[in-house]
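Student: I am new to this structure and should be grateful for a close look at a single part of it. Please describe the second largest pocket and its lining.

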Amino acid sequence: MRRILIALALLAVLGLGLFWAATRPRPIDPDLIAGLVPDVAHGEQVFWAAGCAGCHADVDAKGGEKLILRGGQRFPSPFGTFLAPNISNDQTAGIGAWSALDLANAMLRGVSPEGAHYYPVFPYGTYSRARPQDIVDLRAFLATLPSDPTPSQPHEVGFPFNIRLGLGLWKLLYLRDGWVVSGDLTAKEDQGRYLVEALGHCGECHTPRDALGGPDLTRWLAGGPVPGGTGRFPNITPGKLDWSEADIAEYLKSGFTPDYDSAGGHMALVVENTANLSDDDRAAMAAYLKKVAPQP
Amino acid sequence: MRKPTRVLTTALFAGLLLAGPVLAEDLNDPEEILTARHGYMLLMANQLAPLGAMAKGDAPYDAAAAAKAAASLAALASVDTSMLWIAGTETGALEDSDMLPEAVSDSAGRDTRFAELKTAAETLAAAAGTDQDSLKAAMGGVGAACGACHKAYRKAD
């Protein structure tokens, strides 16, 4: 009997050890960004393409207010309500003290400077495909933005989802290298794929999620119910969205639909970001959306 | 063949005579307010359609047509619509309404946003007749003004 108990205890310790090993936060190899020279002007384009201000600025921010990234927006979900943190340039309340490596670990691996997992409400499932150079550029641009002393508020997430180690398991299940849309792409479609799949994080809303909150990649961009809310995110695959490429590009620029209705809800916030991209980038995103597998 | 037509015509006229005063009395009816609001939005869309087609390159740029549509849009943006944002016409109260209650309660914010639309539409009216690039640049401002109001006061899909 005693021997069995000891064996069970050893197994439990081994299991916990394996769980820890499998789920521990994994920062990037610092060599990945070593020696990269930041381009601040390009960093601004990355900033708008990645849509940082959509969540981290005030929901009703306009013009220059979009650059005050003090956080505070609330994101309800089936797992609790997440609150966007302050990522302004403030040394203590924000991320003013972060290095480019810190930002790269956050965006590519969902790992904080202290080595903790971030919740995937921060779309590192998308950003993990971003180019290291773009992150270095973005870091330099963020350093030019205002500081704001508003403290970040804690997430309102209950047990068991408040155990961040469990997020390592989520990452094992859902973090993927490589592109969702593969095959032969033109240079323009490839540019659009990068903007949508690596920075724009369209799929974070427009791809349905399973019970654990992971994206169902077999239904990429096919829309689905709003988690923890009412209504549906629309299907933006060619199976449903029959707009021309020019229509899609115009929507991302001015928010006008082909019927001259305009974007509302969170999509209005998205257009406030994509409006700052080049015509070329918006046309590339539209070209990419036409290459996505049609879904009913 | 003639007689049924005449009966129909008479019936139509009688219907119009009856409907006239009913319509006039019903301007405060929530359904009528909703119809007017939707009509107002559609009127703006009607002016935006040719402008957008020229901006996208779906239609050839026509300076006179662009200037006319943009001037009409600016006129529409300056119309007093305060009677269209009334309690009892919000989403939930009326089946076809997507208006959030904030459109009524936050009248100061609504006024600010309409003022921004007016400014953007006037900028567009000044630019639309110049050339296609000026038109394209000024469309974004109008789109942003539309979006700002919809973001604040219209139910998300």
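Tutor: The account below concerns the second largest pocket and its lining. This is a predicted model, in which local features need pLDDT of at least 70, side-chain atom pairs count only at pLDDT 80 or more, and totals for linings use all residues. Residues are numbered from 1 along each chain as its sequence is written, chains are lettered from A, and side-chain values use heavy atoms, with hydrogens and water left out.

A pocket here is an open set of points on a 1 Å grid over the protein atoms alone, where a 1.4 Å probe fits, with protein on both sides within 12 Å along at least five of seven lines. The second largest pocket holds about 390 Å³ of space, the volume being that filled by probe spheres set on points joined across faces, edges and corners.

Its lining consists of 20 residues, each having an atom within 4 Å of a point. Nearest the centre lie A:Arg26, A:Leu108, A:Arg109, A:Leu175 and A:Asp177. By class, nine lining residues are nonpolar, four polar and seven charged; Ala, Val, Leu, Ile, Met, Phe, Trp, Tyr, Cys and Pro count as nonpolar, Asp, Glu, Lys and Arg as charged, and the others, Gly among them, as polar.

In chain A, helices H1 (2–23), H4 (100–109) and H7 (166–174) each supply at least two lining residues, a helix being a DSSP run (H or I) of at least four residues, numbered from the N terminus. H7(A) gives the largest share, three residues.
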